[in-house]
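Let's take a walk through this protein model together. Have the viewer open beside you, and follow the headings in order.

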Amino acid sequence: MQVSFEKIDQSYGNQTLFSQLDLEIPSGQFFTLLGPSGCGKTTLLRMLAGFVRPDAGRVRFGNDDVTSVPVHHRGVGIVFQDYALFPDRSVQANVAYGLLARRVPKAEATDRAAAMLKRVGLEAFKDRAPAALSGGQRQRVAMARALVIKPRLLLLDEPLSALDVKLRVELRCMIRELQQEAGITTVFVTHDQEEALAMSDQIAVMDRGQIVQIGTPQEIYVQPRTAFAADFVGNANLIPILEELPAAGGGTRRLRTPVGTLFTNSHAPCLPGALLAVRCAEILLHTPGTTQDGKVPGVIQHVEYRGSTVGYTIQTAIGSLHVDTWASQNAQLRQRGDAVALEIPHSAHIVEGRPC
Ligand SMILES: Nc1ncnc2c1ncn2[C@@H]1O[C@H](COP(=O)(O)OP(=O)(O)OP(=O)(O)O)[C@@H](O)[C@H]1O
Ligand SMILES: [Mg+2]
């Protein structure tokens, strides 16, 4: 089922959160709302669930206007960050609850709940109370409870953020599998860019109540439209562009920047205030030679050894730039104080500056 927001306005006191917001979520997709704290992700999700009614505008499920349909008539499954299981009921009873509330006969509810618990690997835990489960197990119960009713729409609000990293990776795999098996339209809220890239069909990047870009994970990562999207999704270095110079040939564009002439194969327009976004992992470090176009001189400020990669913070004429390199086992790490030349790759992308 396709889901859409049409011309949504929402204010709290004298603070406008959404103004004429439009968004379409295609049927069957795993669609992620990604953005920093306070940008309005949960509020949009709560509008889909029916907990928040917008000041103006419509929410549609397919062609149906559900703006004033109450929560219990929307047929949505919801999983929150903090589990929200009934503490005084068993795991089995938690999962069967939504079915019994929908007047599914008891025997069928028991069977369906048991099958769902088996699917999430918790059949052996069915008689336990939620308090006797780990955080990851509780989130599996919450997923089972949301899916067992065969909802039209699945809403997930940061369901993994209370878990440790290893468990998060494991559970995100399971959530994606369950979503694909059910073919259910899913709206997932997170402020974790890696999670968004790993799980989504499409991502909407949000900034202060606005949707700044919608695209597949690859589109968002490779071709961010704004400096905000480039930095929020994948931590980019942002270099100011002073002007575009006559092209170098072969489709490569030349840019004058405060750290010298740099090159890019980006097709994006170079508007006033544009920046060059460069991924930390795409910069190559060299020992400095004579100054050359495409290379930025710098001095290493900080070295962070992470096992498979090494992160360097490098002082340049425009402040610190960040570089991630693979750590080969025998190679000497560069040291704090070393002079280096940063080779800026042609994959660097032109982005719009963040409007103030
Ligand atoms: N009921 C409310 N009353 C007043 N302000 C609210 C209310 N609900 C949300 N807001 C405000 O709207 C903004 C967006 O809130 P929302 O919870 O949607 O953000 P979020 O993107 O989910 O953030 P987080 O990542 O921290 O969960 C915030 O500034 C918040 O304070
Ligand atoms: Mg939130």
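Below is a short tour by topic, from the domains to the strand pairs. Please keep in mind that this is a predicted model.

## Two domains and their contact

A good place to begin is the overall layout. The domain assignment splits the protein chain into domain 1, covering 3-227, and domain 2, covering 228-351. Taken over C-alpha atoms, the centres of the two domains are 37 Å apart. To their contact, domain 1 contributes 13 residues and domain 2 contributes twelve residues.

Which elements give two or more residues to the side of domain 1 that touches domain 2? They are strand E9 (202-207), strand E10 and helix H7 (217-222). Sorted by class, the residues on this side of domain 1 are seven nonpolar, four polar and two charged.

## The six-stranded sheet

Next comes an open sheet of six strands, whose order is E6-E7-E8-E3-E9-E10 and whose pairing is mixed. Strand E6 (76-79) and strand E10 (210-215) are the edge strands, each pairing on one side only. On average, and with direction ignored, neighbouring strands of this sheet are turned by 15 degrees against each other.

If you zoom in on E6, you will find its partner, strand E7 (residues 153-157), joined to E6 in the parallel sense over four bridges. Within this pair, Gly 77 stands opposite Leu 154 of E7. Helix H4 (residues 135-147) packs on the sheet and touches both E6 and E7. The direction of H4 makes about 170 degrees with that of E6.

## A pair of packed helices

H4 has a helical neighbour too. For any such pair, two packed helices are described by the angle between their axes and the distance between the axes. H4 and helix H5 (residues 165-182) pack at an angle of about 10 degrees, and their axes are 11 Å apart. Angles under 35 degrees count as roughly parallel, so H4 and H5 are roughly parallel to each other.

Which residues meet across this contact? From H4 come Gly 136, Gln 139, Met 143 and Leu 147, and from H5 come Leu 167, Leu 171, Ile 175, Leu 178 and Ala 182. By class, the contact of H4 with H5 has seven nonpolar and two polar residues, with no charged ones.

## Around ligand 1

Now to the ligand. The residues around ligand 1 include a run of names you can pick out easily: Ser 37, Gly 38, Cys 39, Gly 40, Lys 41, Thr 42 and Thr 43. Tyr 12, Leu 17, Gly 35 and His 191 also belong to this shell.

Helix H1 (residues 41-49) supplies the largest share of the shell around ligand 1, with three residues. In terms of class, the shell has three nonpolar, seven polar and one charged residues.

## Antiparallel pairs and hairpins

Strand E1 (residues 3-12) pairs with strand E4 (residues 56-61) in the antiparallel sense over five bridges, and Val 3 stands opposite Phe 61 in E4. E4 also pairs with strand E5 (residues 64-65), again in the antiparallel sense, over two bridges. Here Arg 60 has Asp 65 in E5 as its bridge partner. E4 and E5 form a hairpin with two residues between them, and Gly 62 in the turn has a positive phi of about 60 degrees.

Another hairpin joins strands E13 and E14, with two residues between them. Strand E13 (residues 252-257) and strand E14 (residues 260-264) run antiparallel and are joined by five bridges. In this pair, Arg 256 stands opposite Thr 261 of E14.

Conventions:
Residues are numbered from 1 along each chain as its sequence is written. Chains are lettered from A and ligands numbered from 1 in the order in which they are written. This is a predicted model: local features need pLDDT of at least 70, side-chain atom pairs count only at pLDDT 80 or more; totals for chains, interfaces and linings use all residues. Two strands pair if DSSP finds at least two bridges between them. Axes are lines fitted to C-alpha atoms, for helices over the stretch in contact, and angles run from 0 to 180 degrees between N-to-C directions. Two residues are in contact if their C-beta atoms, placed from the backbone, lie within 7 Å. A residue is near a molecule or strand if its C-beta atom, placed from the backbone, lies within 6 Å of it. Ala, Val, Leu, Ile, Met, Phe, Trp, Tyr, Cys and Pro count as nonpolar, Asp, Glu, Lys and Arg as charged, and the others, Gly among them, as polar. Domain bounds come from an automatic or database domain assignment. Angles under 35 degrees count as roughly parallel, over 145 as roughly antiparallel, 65 to 115 as roughly perpendicular and the rest as oblique.
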